[in-house]
Amino acid sequence: LRGAIMPLDFSLWCDFIQKDFLEKEFVSLVDSGAIQGATSNPSIFAQSLKTSAYAAAIQALKGAKPKAIYEHLAIADIKRAAEILKPLWDKDKSKGFVSIEIDPFLSENAAKSIDEGIRLYNAIAMPNVMIKVPATPAGYEVMNALTQRGINVNATLIFTPNQAKECAIALKEGIQTSHIQAVISVFVSRFDRAVDTHLEQHLQAKMGIMNAMDCYGEIEHFKVDSIRTLFASTGVKSGDLPPSYYIDSLILPRSVNTAPLEAIRAYENSTNKAQKSLISAQERNAFWAEVSKAGINYQNLSQKLLDEGLIAFQKSFEDM
């Protein structure tokens with residue numbers, strides 16, 4: 001891109017895992033350099049396991065407990081993704097990761113979450129795997145404990161700068177060696193989907209970006225090389241926005257963006273790949289003042305989105 005400042009240490013990850021996809025398009029995306037990692041969550045696996053690609057494996061496991069069947073299939077997929085990504089990790093320990101989430105029904109039970117995180121990590125037995133932990137009060141304890149044990153962590157369901165700060169504190173205290181990596185996953189587009197119909201046009205499709213930059217600033221304040229911001233929930237639901245909108249708007253140094261396939265393909269064809277500047281605190285504060293005047297209560301909204309995120313993952317897990 002002529003005249004543009006290219007992104008410094010920006011990585012694009014794929015927010016999708018599915019058995020057949022891993023052996024085809026996923027390999028191509030990794031080999032071409034389009035993506036440098038992958039993420040999963042219970043909702044993604046719930047959709048993937050409905051496809052015919054898993055029918056024979058599920059039938060072969062008939063009689064086992066549902067969670068055991070899910071884990072058998074999910075562990076196989078995550079391990080395969082980790083194998084494909086490992087050459088990237090071998091060259092650069094900040095890249096080539098794939099994430100798997102602990103049982104969301106354990107999100108308030110630190111001891112059981114720690115045990116499950118260790119068990120999943122050992123079962124997959126790949127160094128470039130991250131265990132996803134929700135950013136709840138119990139989750140901060142889990143993040144700290146897992147990183148202390150040499151397990152990479154993806155802190156997830158972050159909606160506020162305070163959550164981002166608490167994650168950074170827990171992870172910084174837990175990480176004992178630079179080989180252990182962590183990302184703090186800030187959810188972006190859910191803010192805009194929740195409020196845009198209540199805001200004037202000049203404020204629409206901005207809350208997610210502004211909030212993400214507030215969270216990014218909190219995380220970068222800690223200056224820990226092995227902890228980075230990951231922008232998640234970056235798919236576009238509105239037809240008025242380009243599919244890669246939430247990638248294009250958040251190309252920041254030392255950041256990761258995990259995006260659905262449609263957004264990744266659009267980004268590959270985008271001419272808007274220049275590094276972005278962090279919107280000033282003054283401009284962000286002015287934006288929040290306007291949002292408040294419009295009758296939006298940020299604290300209530302962010303708590304609602306966190307609660308909905310936890311419930312959605314639990315429902316997907318239950319449905320499986």
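These are my notebook entries on what I looked up in this structure, which is a predicted model.

**Entry 1: the cavity**

I started with enclosed spaces. How many cavities of 30 Å³ or more turn up in the whole structure? The search finds one. Its volume is about 40 Å³. The elements that each give two or more residues to its lining are helix 4 (66-91), strand 3 (97-101) and helix 5 (110-124). Helix 4 supplies the largest share, with four residues.

I wrote down the whole lining while I was there: Lys 67, Tyr 70, Glu 71, Ala 74, Ile 100, Glu 101, Ile 102, Asp 103, Glu 116, Leu 120 and Phe 317. Sorted by class, that gives six nonpolar and five charged residues, and no polar ones.

**Entry 2: the two pockets**

Next I went to the open spaces. The largest pocket holds about 580 Å³. It has 28 lining residues, and Asp 15, Ser 233, Gly 235, Lys 237 and Pro 260 are the closest to its centre. Which elements each supply at least two residues of this lining? I noted helix 2 (42-48), strand 5 (152-158), strand 6, helix 8 (189-195), strand 7 (227-232) and helix 11 (261-268). The class count for the largest pocket is eleven nonpolar, eleven polar and six charged.

The second largest pocket comes to about 260 Å³. I counted 15 residues around it, with Asp 196, Gln 204, Ala 205, Ser 238 and Leu 241 nearest the centre. Helix 8 gives the largest share of this lining, three residues. Here the classes are four nonpolar, six polar and five charged.

**Entry 3: Ser 185 and Leu 157**

I picked Ser 185, which sits in strand 6 (residues 182-187). Is Ser 185 buried or exposed? Its relative accessibility is 2%, so it counts as buried. Skipping neighbours within four places in sequence, I found Ser 185 in contact with Asn 154, Ala 155, Thr 156, Leu 157, Ile 158, Leu 230 and Ala 232.

Leu 157 from that list got a closer look. It belongs to strand 5, and at 0% relative accessibility it is buried. What caught my eye was the backbone: Leu 157 is not a glycine, but its phi is positive, about 60 degrees. I jotted down the background for this: most residues other than glycine have a negative phi.

**Entry 4: Arg 254**

Arg 254 also has a positive phi, near 60 degrees, and it is not a glycine either. Where does Arg 254 lie? I found it in the loop between helix 10 (245-248) and strand 8 (255-259). Its relative accessible area is 18%. The cut-off for buried is under 20%, so Arg 254 is buried.

**Entry 5: aromatic rings**

Then I checked the rings. The count comes to twelve aromatic pairs. One of them is Tyr 216 with Phe 231, a tilted pair at 6.3 Å centre to centre, with 35 degrees between the planes. Why does this pair tie together separate parts of the chain? Tyr 216 is in helix 9 (residues 207-220) and Phe 231 is in strand 7, so the pair joins parts that are 15 residues apart in sequence. Both Tyr 216 and Phe 231 are buried.

I also found a cluster linked by ring pairs: Phe 159, Phe 187, Phe 191, Phe 287, Trp 288 and Tyr 298.

**Entry 6: Asn 211 beside the cluster**

Asn 211 came up when I looked around those rings. It is part of helix 9, and with a relative accessible area of 0% it is buried. Which residues does Asn 211 touch, not counting those up to four places away in sequence? I listed Phe 159, Pro 161, Phe 191, Trp 288 and Tyr 298. Asn 211 and Phe 159 are 52 residues apart in sequence, yet their C-alpha atoms are 7.8 Å apart in space.

**Entry 7: lysines over rings**

My last lookup was charges over rings. Lys 93 is over the face of Trp 89, 4.2 Å from the ring centre. Lys 273 has its charged end over the ring of Tyr 267, at 5.1 Å from the centre.

Notes: Residues numbered from 1 in each chain as written. Predicted model: local features only at pLDDT ≥ 70, side-chain atom pairs only at ≥ 80, totals over all residues. Heavy atoms only, no water. Buried < 20%, exposed > 50% of the residue type's maximum accessible area, 1.4 Å probe, protein only. Contact = heavy atoms within 4.5 Å. 1 Å grid on protein atoms, 1.4 Å probe; cavity = no way out; pocket = protein on both sides within 12 Å on 5 of 7 lines; lining within 4 Å. Points joined across faces, edges and corners; volume = space filled by probe spheres on them. Nonpolar A, V, L, I, M, F, W, Y, C, P; charged D, E, K, R; others polar. Phe/Tyr/Trp six-rings, centres within 6.5 Å; stacked < 30°, edge-to-face > 60°. Lys NZ or Arg CZ within 6 Å of the ring centre and 35° of its normal.
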